[in-house]
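Here is an informal walk through a structure, taken one region after another. Keep the viewer open and follow along.

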Amino acid sequence: MEKQNRSGTAGKAIRCKAAVCRNPGEPLVIEEIMVDPPKAWEIRIKILCTSLCHSDVTFWKISTGPFALFPRIFGHEAVGVVESVGEHVEEFQEGDMVVPVFHPNCRECRDCKSQKGNGCSIFGDKLVAEMPRDGTSRFKGMNGETLHHFLSVSSFSEYTVVDVVHVVKISSEFPAEKACLLSCGISTGIGAAWKVADIEEGSTVAIFGLGAVGLAVAEGARLRGASKIIGVDLNQEKFEIGKKFGVSDFINPTTCGEKNVSEVIKEITDGGVDYSFECIGLASLMEDAFNSSRVNWGKTVILGVEMHRTPLAIDTYFLLRGRTVTGCFFGGLKAKSDIPILAQKYLHKEINLDGFITHEVNFQDINNAFDLLLKGKSLRCIIWMD
């Protein structure tokens with residue numbers, strides 16, 4: 001039996017609105033859909049607000065291959081309230097404020113128990129299209145057609161169903177629009193600076209790409225006391241924005257003349273940065289980031305997903321000299337233990353989350369959020385359901 005709730009909707013399908021993508025690259029359509037009740041180890045969430053991440057746009061554009069699944073409900077940065085829970089759910093109850101997270105954290109497997117990484121050996125092997133335990137969808141169109149999930153969240157819907165390994169409880173006093181930011185990008189950037197690079201005071205840092213993730217890396221580096229934070233971006237306006245998050249120097253690759261970016265960085269850091277971050281997803285920039293790091297101990301952290309699947313080519317001689325390269329997924333964070341820590345640091349006024357919110361729109365205007373991001377005008381656009 002499903003646990004009963006005060007509204008009497010537990011165990012029943014809910015009719016609500018969702019922004020459905022029917023074809024790649026086309027505007028989303030607000031439609032009436034049916035959301036099934038949660039099964040065992042699942043919860044159904046009433047979404048309060050969601051935001052648009054570059055990953056949504058990336059998958060929205062994909063027209064071929066295994067990830068091109070349509071019709072689909074995108075969205076994976078959000079905050080909501082638990083409407084009902086399925087069998088065997090003890091961690092959550094109706095009314096809890098929660099943040100759904102694309103990266104699983106079961107807390108039971110060898111990887112989740114290890115401090116060496118943030119993977120999950122039970123649920124984290126692949127990006128499943130539907131619910132992780134039974135591979136089926138909880139969404140249906142009004143004609144009965146299946147609507148596909150996205151990154152185990154699908155927050156562009158008034159209600160969604162999420163497995164408990166993809167949800168974090170958060171204080172109901174936390175501002176909803178700020179909690180939304182902790183779902184993906186901002187946590188990824190801060191986590192990369194703190195947990196993966198483990199930046200120490202006085203370090204020098206270079207960040208390739210000053211989108212929301214890159215600026216979150218800067219924020220993490222600033223809080224760790226980095227002495228120099230160099231932002232690299234083609235958009236000159238990003239320097240003024242970056243200053244709010246600790247960026248001290250800025251390089252626009254188009255204004256370097258005959259020098260390449262790594263040469264400029266080495267000049268202003270006396271040999272290269274201690275930590276270099278690639279936040280775009282291009283192998284050529286990953287090489288630039290590596291070449292900008294200091295011989296003997298420079299560490300390069302790769303956050304961007306290489307959009308063309310191009311291999312990374314680096315001179316192994318420099319690896320012998322002590323430089324390292326490491327990947328980074330969700331900032332090395334374990335969602336259930338680390339997101340509450342970030343939330344507390346915001347409440348203690350240590351972390352600047354407010355600066356990432358550049359726009360807010362109503363749910364029916366969700367396509368405006370896509371336009372703003374595609375034109376490079378927004379960092380995070382909050383999409384309010386109500």
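**A tour of the chain**

Let's start with Arg-309, which is exposed, with a relative accessible area of 73%. Keep in mind that this is a predicted model. You'll find Arg-309 in the loop between β14 (299-302) and α9 (316-320). Its backbone deserves a look too: Arg-309 is not a glycine, yet its phi is positive, at about 60°.

Phe-330 makes a nice counterpart. Its phi is near 55°, again a positive value in a residue other than glycine. Phe-330 sits in the loop between β15 (324-327) and α10 (335-347). Is Phe-330 buried or exposed? With a relative accessible area of 2%, Phe-330 is buried, whereas Arg-309 is exposed.

There is another backbone detail to click on. Phe-70 and Pro-71 are joined by a cis peptide bond, with omega about 0°. Pro-71 belongs to the loop between α1 (54-61) and β4 (77-85). Phe-70 turns up again among the aromatics, since ring pairs link it with Phe-59, Phe-67, Phe-74 and Phe-150 into a cluster.

One member of that cluster, Phe-67, also helps to form a nonpolar surface patch of about 270 Å², together with Leu-127 and Phe-329. Leu-127 is located in the loop between α2 (110-113) and β6 (139-141). Its relative accessibility is 41%, so Leu-127 counts as partly exposed.

Now move on to helix α7, which spans residues 261-268. Which of its residues are buried? They are Val-261, Ser-262, Val-264 and Ile-265. Look down the axis of α7 and these buried residues fall within an arc of 160°, so they line one face of the helix. What do they pack against? The partners are β10 (204-208), β11 (228-232), β12 (249-251) and α8 (283-291). After α7 comes Asp-270, whose phi is positive, near 60°.

Two of those packing partners, β10 and β12, are worth opening up. Thr-204 lies in β10, and it counts as buried because its relative accessible area is 12%, under the 20% cut-off. Leaving aside neighbours within four places in sequence, Thr-204 is in contact with Ser-227, Lys-228, Thr-269, Gly-272, Val-273, Asp-274 and Tyr-275.

In β12, pick Phe-250. This residue is buried too, at 15% relative accessibility. Phe-250 and Phe-239 are 11 residues apart in sequence, and their C-alpha atoms are 6.0 Å apart in space. Phe-239 is also on the contact list of Phe-250, which, again without neighbours within four places in sequence, includes Leu-210, Gly-231, Asp-233, Asn-235, Gln-236 and Lys-238.

Strand β14 gives you Thr-300, buried with a relative accessible area of 0%. Beyond its neighbours within four places in sequence, Thr-300 touches Ser-276, Ala-289, Phe-290, Ser-293, Thr-324, Val-325 and Thr-326.

Finally, back to the rings. To describe a pair of aromatic rings, you give the distance of the centres and the angle of the planes. How many aromatic pairs does a search of the whole structure find? The search finds 12. In one of them, Phe-245 and Phe-356 have ring centres 4.5 Å apart and planes at 35°, so the pair is tilted. This pair links distant parts of the chain: Phe-245 is in the loop between α6 (238-243) and β12, Phe-356 is in the loop between α10 and β16 (357-362), and the two are 111 residues apart. Phe-245 counts as buried, at 0% relative accessibility, and Phe-356 counts as buried, at 0% as well.

Tyr-317 and Phe-318 form another pair, with ring centres 5.5 Å apart. Why is this pair called edge-to-face? The planes of the Tyr-317 and Phe-318 rings are at 70°, and the label applies because that angle is over 60 degrees. Tyr-317 counts as partly exposed at 43% relative accessibility, and Phe-318 is partly exposed at 26%.

How values were computed:
Residues are numbered from 1 along each chain as its sequence is written. This is a predicted model: local features need pLDDT of at least 70, side-chain atom pairs count only at pLDDT 80 or more; totals for chains, interfaces and linings use all residues. Side-chain values use heavy atoms; hydrogens and water are left out. Buried means under 20% relative accessible area, exposed over 50%, partly exposed in between (1.4 Å probe, protein chains only). Helices (H or I, at least four residues) and strands (E, at least two) are DSSP runs, numbered from the N terminus. The arc is that of the directions from the helix axis to the C-beta atoms. Contact means heavy atoms within 4.5 Å. Patches are made of residues with over 30% relative accessible area and no salt bridge: like charges are joined within 9 Å, nonpolar side chains (Val, Leu, Ile, Met, Phe, Trp, Tyr) within 5 Å. Accessible areas come from the Shrake-Rupley method with a 1.4 Å probe; for residues, only the protein chains shown count as cover. A salt bridge is a side-chain nitrogen of Lys or Arg within 4 Å of a carboxyl oxygen of Asp or Glu. Rings of Phe, Tyr and Trp (its six-membered ring) pair if their centres lie within 6.5 Å; planes under 30 degrees apart count as stacked, over 60 as edge-to-face and the rest as tilted.
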